Amino acid sequence: MRRTRILTAVLALAAGLLAGTPPVLAAPAAAATAIAADTYTWKNVRVDGGGFVPGIVFNRTEKNLAYARTDIGGAYRWQESSKTWTPLLDSVGWNDWGHTGVVSLASDSVDPNRVYAAVGAYTNSWDPGNGAVMRSSDRGASWQKTDLPFKLGGNMPGRGMGERLAIDPNRNSVLYLGAPSGKGLWRSTDSGVSWAQVTNFPNVGNYQQDPSDTSGYASDNQGIVWVTFDESTGTSGAATKTVYVGVADKDNAVYRSTDAGATWTRLAGQPTGYLAHKGVLDAQNGYLYLAYSDKGGPYDGGKGRLWRYATATGTWTDISPVAEADTYYGFSGLTVDRQKPGTVMATAYSSWWPDTQIFRSTDSGGTWTKAWDYTSYPTRANRYTMDVSSSPWLTWGANPSPPEEAPKLGWMTEALEIDPFNSARMMYGTGATVYGTENLTNWDAGSKFTIRPMVQGLEETAVNDLASPPSGAPLLSALGDIGGFRHTDLAKVPSMMFTSPNFTTTTSLDFAETSPNTIVRVGDLDSGPHIAFSTDNGANWFAGTDPSGVSGGGTVAAGADGSRFVWSPAGTGVQYATGFGTSWAASSGIPAGAIVESDRVDPKTFYGFKSGKLYVSSDGGANFTASSATGLPSGDSVRFKALPGVKGDVWLAGGASDGAYGLWHSTDGGASFTKLSGVDQADTIGFGKAAPGASYQTLYTSAKIGGVRGVFRSIDKGASWTRINDDAHQWGWTGAAITGDPRVYGRVYVSTNGRGVVYGDSSDAGNPTDPGPGPDPTPTGACTVTYKITNQWSGGFQADVRLANTGSTAWNGWSLGWTFADGQKLTQAWNAEAAQSGTTVTAKNVGWNGTVAAGSSVSFGFTGSWSGTNTKPTAFKLGDQNCTVG
C-alpha cells in the first residue's frame, strides 16, 4: 500500500536516540534566560524504521563506514560494532525544521572523517526556509552549515534519485550539488564552505511530476539529479577530468565534462524517453551504468530500462533484464560490487504488486537473475529467505494470497548498495525500513541468502498523537504511514502495529481516564472504517461504523468512563455516540473541523476548539455552547487537554507569530482563560506524574520560554519552567503532541516529525524541586565530574562531561577546567562555552544551564582531535576548587 510522506508540520505551519549526547550543530550560545535547566537522558521508543530511506552511502576507502539519509528524519551513521545506526541531525532546531529532510549525502573517500549533507524539506511554500549544505570533519558528530540561495526538497518527488551531492575523489575540496527548481548545477572548491552556480552547465532540467499542481509540490522541476566522477581520469590532488551529470529531462538525461567542469556536452547516442535515476560508474571496466524510469518516483513509474555506456568507445548497450513491454515499473536502485566490478544489481523500485524485484548480473549486465521468479503462477520461488523477527510488524499482520507475500521484499526500493569491502553484504532502503543481507554471495552459489532488517537506531516515524494511560501499556502512539503502536516495553519493538483495521495514518487517539482499558483511535484509510475501539488497553481492536460523509480520521475523544465518544472526522461535522460507535448523531452548536477533547472527570463533558472559540458540551456531545472566553488564538494551530482528576481544568497551547500565541489555563471548564505571561509561544501541552511533595500534576510543553525554544517542564502549575532538552536534542519540529508519564515522575514522551517518539528521564527525579537563582555567583561546595569518551575514530573523538553539584548550595553560573595530557585539541562544544589555551580547557555554562541546584547535575559535550594516545583527564577544577573524578 502506498504510504505518503508529507510532513505533519506543514499542516500546522500553514495554519499558523539514543542515550548520551548526540551530534550537535554549531550555533551561537543560547541567549541568557531566567529559566532553569535539568539534565535529561533521551532515548527513542523503539519502532525501528517506519519511513522511507531513499539513500545509503558507503565510504569507498574505509571499511564499515556507511551513512543513510531519510526524507524527513535526518541522517544516520552505521555503527559496525553494534550493527546499529546513530542519528546525526538531532541538533536541528525548530526554526530550521526543514533541514531534517536530507536530499543527498556524500562521504569523503580521501578524508573519511568528512561527510556532507544537502538538507531542506520542500521547494514550495511549505518549507519557509532555503536549503543548506552541512559539513562535518568528525563523521557527523558536529556540523557547520552553509545556507544556499534556493530551496532543496528532501521530501519532494524525485527524492530517491541521486546522489545529487558528490565529492571529487581526487581533489576532495571540490564538490558538486545538483539543484531542483531550475537552479542548475552548483560547485564548491573550498570543501563546501562556499558555493557558486556552474553557469556554463547547459540544462537545468524540465521534468515535473504534475505540471497542473498549484501547490508547487508535484509541479516543481526536479532539476539536476545526480553527479558521478570517473576517478580514473584524475590524479591525487588534481581535479578529476571526467564528470557525468544526470538531468531530469527525458530527451537529454546525461551530460559529461572531460575538462574538470570547464565545458559540458550532452552524451551522444543516449536513450531518450526516460529519466536517469542513477548513474553508477565502474571505472575498472570502463562502464557507466544507468537506471531509467519514465517517472521521477518514489511512488510512480510504469516503464523502465537499464543501459550500459562504454566510456572509452561511447557505445550504448541496452542491458535491461526484461523486455520493455514486460515492465510495469521503473528502475532506480543500482550498485556495483567494487570487489568484483562485473557484478551489478538493480531494483524495480515501483513494482508495488505483487512485490518489488531485485536483479543481479555477474557479467556486466549481459545476463541477469531475479530475486524471485514464478514457477507456475501464482507460485513464487524466492532466492532468499526473510527474517523479520527483530521487526515483526513488517508483515503488517497480513495474510495475502499468492503471489503476494508477507513480509514483502519491499517497495520504493531506490537505495541499493553492495558494501565496497564485502561482496556478501548488501543494504537497501524501502518505504518502511532498511533491509540487508550478509550472505549475498549465496545468490550466485545457488543457495538462499537471508534478508533481515538492518535498521536498529534509525527511527523515522512521524508522530501525530500520544497517550500514556495510568494503567496498562505505558505508551500508545498515533503515527503517520504505519498507524501506531501499543508499547508495553519502550526498549523493545512491538510485535505489531494497530490492526483490525490497519489505518495508513492514525490521526488521533484517546483513552477513558477512569477506565483506561477503553481506547478509541481514528485515522485515514483508502477504503473501510475510519474509527476503531479497544476494550483491553489497545491489545486488540474492532472497527466502528462511520457516519455518512467521513473521508478522514480527524480528532476523537473518549468520555471519562468510556461510555460515550465524540468524533470530529474529516468530511463531515462533529458526531457523538454512546457505546462503541455503531450509531452516530450530529452534534449541534459546534462547527465542522473542530478539535475535540474530553473532560477527564465528568463523562458527559466534552470540549471543542475552532477558529479562536472554545465550545463546551455537558450532555455527552449532543449539544455544544460557545464559551465567552476571548483572546484565544484565532487560527486552528492549537492543541488543548483537560487535566486528569480535576473537573473543568483545561490547558490550551497554540497560536501563530502574527497573532495570539502562548499557553492558556482555565479552571472553570473553559468559561474563562488566563494566559501565562512567562510563556512566549507554546504548541503542545501534556501532563505527567506530580513531583514528590507537589499537589498538582507536572506540565510539559514544546514552547518558547525566556526567548529559548525547547521542551519544558513545570511542577508548580506554570509559575516557573525548566528546560529539559538541550541544543543537541531538538529533533526539528516537535509541535504535534507531548505527554508525561502518570506513573514515573519526570518521564516525558515527545513527538517528532520524522525521528519517532523520543522519551526523556530526568537526572533530578529524586530531587525534583526546580532550582531558583543561586545565592552566590561563584560556585562553592563539593563537585564531582564524570568524563566519558562516547565515540572515537582515527584522529578524532567525542566526549560527554557530567558536572554534579554535590554540595549543599545551588550554583548560579559555573566554569570547569582541565588539562589534556596527550596534546588533544578541542574542536567543537555544545551546551557549554569552551575554549582551549595550550593544554588547558575551560568550559563555562551557557545562559540557560548556569543554575545547578544542590544534588543536581549538568552535562555538556565536545569533539576533539588526538593522535597517539587519548588519555582521559585525571583532575578537574570548578573555579579554584578540585572536583572528585567519578
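Which residue stands opposite W818 in β68? Keep that puzzle in mind; Exercise 1 solves it.

Before starting, note that this is a predicted model, in which local features need pLDDT of at least 70, side-chain atom pairs count only at pLDDT 80 or more, and totals for chains, interfaces and linings use all residues. Residues are numbered from 1 along each chain as its sequence is written, and side-chain values use heavy atoms, with hydrogens and water left out.

**Exercise 1. Follow the strands of the open sheet from edge to edge.**

Step 1. Strands are DSSP runs (E, at least two residues), numbered from the N terminus. Two of them pair if DSSP finds at least two bridges between them.

Step 2. Write down the order: β67-β68-β65-β71-β72, five strands with antiparallel pairing. The edge strands, β67 (833-837) and β72 (881-882), each pair on one side only.

Step 3. Look at β65 (residues 815-819) and β68 (residues 840-844), which pair over five bridges. Here W818 stands opposite V841, and that solves our opening puzzle.

Step 4. Move to the pairing of β65 with β71, which has three bridges. In this pairing G817 stands opposite K877.

Step 5. Finish with β71 (residues 876-878) and β72, joined over two bridges. L878 stands opposite Q881 there.

**Exercise 2. Describe the largest nonpolar core and find a second one.**

Step 1. Start with the terms. A nonpolar core is a set of buried Ala, Val, Leu, Ile, Met, Phe, Trp, Tyr and Cys residues joined through side-chain atoms within 4.5 Å. Buried means under 20% relative accessible area, exposed over 50%, and partly exposed in between (1.4 Å probe, protein chains only).

Step 2. The largest core has 40 residues, and those with the most contacts inside it include L409, Y428 and Y749. Among the elements giving two or more residues to this core are β32 (426-429) and β61 (757-762).

Step 3. A second, separate core has 24 residues, including W814 and L878.

Step 4. Return to L409. A contact means heavy atoms within 4.5 Å. Leaving out residues up to four places away in sequence, L409 touches W372, Y428 and I451, among others.

**Exercise 3. Classify two aromatic pairs and say what they tie together.**

Step 1. Rings of Phe, Tyr and Trp (its six-membered ring) pair if their centres lie within 6.5 Å; planes under 30 degrees apart count as stacked, over 60 as edge-to-face and the rest as tilted. The structure holds 47 such pairs.

Step 2. Y176 and F229 are 5.8 Å apart centre to centre, with 50° between the planes, and form a tilted pair. Y176 lies in β13 (residues 175-178) and F229 in β16 (residues 224-229), so the pair ties together parts that are 53 residues apart in sequence. Both Y176 and F229 are buried.

Step 3. For Y749 and Y759, the centres are 6.2 Å apart and the planes at 40°, so this pair is tilted. Y749 lies in β60 (residues 748-751) and Y759 in β61, so the parts tied together are ten residues apart in sequence. Y749 is buried at 0% relative accessible area, and Y759 is buried at 8%.

**Exercise 4. Check the confidence of the chain.**

Step 1. pLDDT is the predictor's confidence in each residue, from 0 to 100. The chain averages 93, and 94% of the residues score at least 70.

Step 2. Now look for low values: pLDDT stays under 50 over residues 1-34 and over residues 769-777.

Key
Helices (H or I, at least four residues) and strands (E, at least two) are DSSP runs, numbered from the N terminus.
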